[in-house]
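Could you walk me through this model in my viewer? I would like to know what to select at each stop and what is there.

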Amino acid sequence: MESPKNSLFYFKAAYKAALKAFELREVPIGAVAVYEGRIVSIAYNLRETLLDPTAHAEIVLIRRVSNILKRWKLVDVDVFVTLEPCLMCASALKTARVRSVYFPTLEPRFGAVFSNVSLASLEKEHPYHHLVEWRLIDDERLKRLTGELLRLFFKARRGKVDFERALGEARDLFEETFRNFS
């Protein structure tokens, strides 16, 4: 699936946010909101930091963008996120009426757009009010980066590798991934 112009720029920002989450010992997921071709907000997981089970990157992002734009209907906002949203986040993105959501990686356990619940299919069968454009981006480099960030994070969290070493590897992988884009 094609993504819009400047999508690499937006994804790079989302992955930088995911690294910030990693630094905070949060699951490394990042999200970016784009309005009128500009990034208006960036967010990452904050569940542990805020002690809030709903503080996924997408939820934090929706709250920030709604405050910035002074409205909850985000019909002209595009979201770029590093992993397929879970059911809570996919539902919140739909409820916020975002225009489109772009992500490069399916989440086989908790993904709710195409993987498990498939909100995208439910929308087609039972449409209501607003249909989100769910866009799985076909880019092996981004898919690999997401997978490696998650793998390194959970290895460190389980004590199988030193946290600082895993974070260093994650940063190196981020730099390598975006250096090699042409």
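**A tour by selection**

Start by selecting Arg47, which sits in helix H2, residues 47-50. Keep in mind along the way that this is a predicted model. With a relative accessible area of 34%, Arg47 is partly exposed. Now add Arg109, Lys155, Arg157, Arg158 and Lys160 to the selection: together with Arg47 they form a positive surface patch.

**Salt bridges**

There are 10 salt bridges in the structure; here are some to visit. Select Arg63 and Asp52, whose side chains meet in a salt bridge at 3.9 Å, N to O. Arg63 belongs to helix H3 (residues 57-69) while Asp52 is in the loop between H2 and H3, so this pair ties together parts 11 residues apart in sequence. Both ends are partly exposed: Arg63 has 44% relative accessibility and Asp52 has 22%.

Next, move to helix H6, residues 140-157, and pick Arg151 and Glu148, which are 3 residues apart and separated by about one helical turn. Their closest N and O atoms are 2.7 Å apart, in a salt bridge. Arg151 is partly exposed at 35% relative accessibility, and Glu148 is partly exposed at 22%. For a network, select Lys20, Glu23 and Arg171, which are joined by salt bridges that share partners.

One more pair is Asp139 and Arg141, with a salt bridge of 3.1 Å, N to O, between their side chains. Is Asp139 buried or exposed? At 13% relative accessibility, Asp139 counts as buried, whereas Arg141 is partly exposed at 38%.

**Around Asp78**

Select Asp78 in strand S3, residues 77-81. Asp78 counts as buried, at 11% relative accessibility. Which side chains should you show with it? One is that of Ser100, joined to the Asp78 side chain by a polar contact of 2.4 Å. Another is the side chain of Arg99, in polar contact with the side chain of Asp78 at 3.0 Å. Ser100 lies in strand S4 (residues 100-103) and is buried, with 1% relative accessibility.

While you are at S3, pick Ile39 in strand S2, residues 38-44. The C-alpha atoms of Ile39 and Val77 are 9.7 Å apart, with their positions 38 residues apart along the chain. Ile39 is partly exposed, at 26% relative accessible area.

**Last stop: helix H4**

Select residues 87-95 to bring up helix H4, where the buried residues are Cys89, Ala90, Ala92, Leu93 and Lys94. Then step just past H4 to Arg97, which takes a positive phi of about 60 degrees.

Definitions and conventions. Residues numbered from 1 in each chain as written. Predicted model: local features only at pLDDT ≥ 70, side-chain atom pairs only at ≥ 80, totals over all residues. Heavy atoms only, no water. Patch = residues over 30% accessible without salt bridge, like charges linked within 9 Å, V, L, I, M, F, W, Y side chains within 5 Å. Areas by Shrake-Rupley, 256 points an atom, 1.4 Å probe, with all protein chains shown as cover. Salt bridge = Lys/Arg side-chain N within 4 Å of Asp/Glu carboxyl O. Lys, Arg positive; Asp, Glu negative; His and termini not counted. Charge placed at Lys NZ, Arg CZ, Asp CG, Glu CD. Helix = DSSP H or I, 4+ residues; strand = E, 2+ residues; numbered from the N terminus. Buried < 20%, exposed > 50% of the residue type's maximum accessible area, 1.4 Å probe, protein only. Polar contact = N/O pair within 3.5 Å; in protein donor to acceptor, adjacent residues only side chain to side chain.
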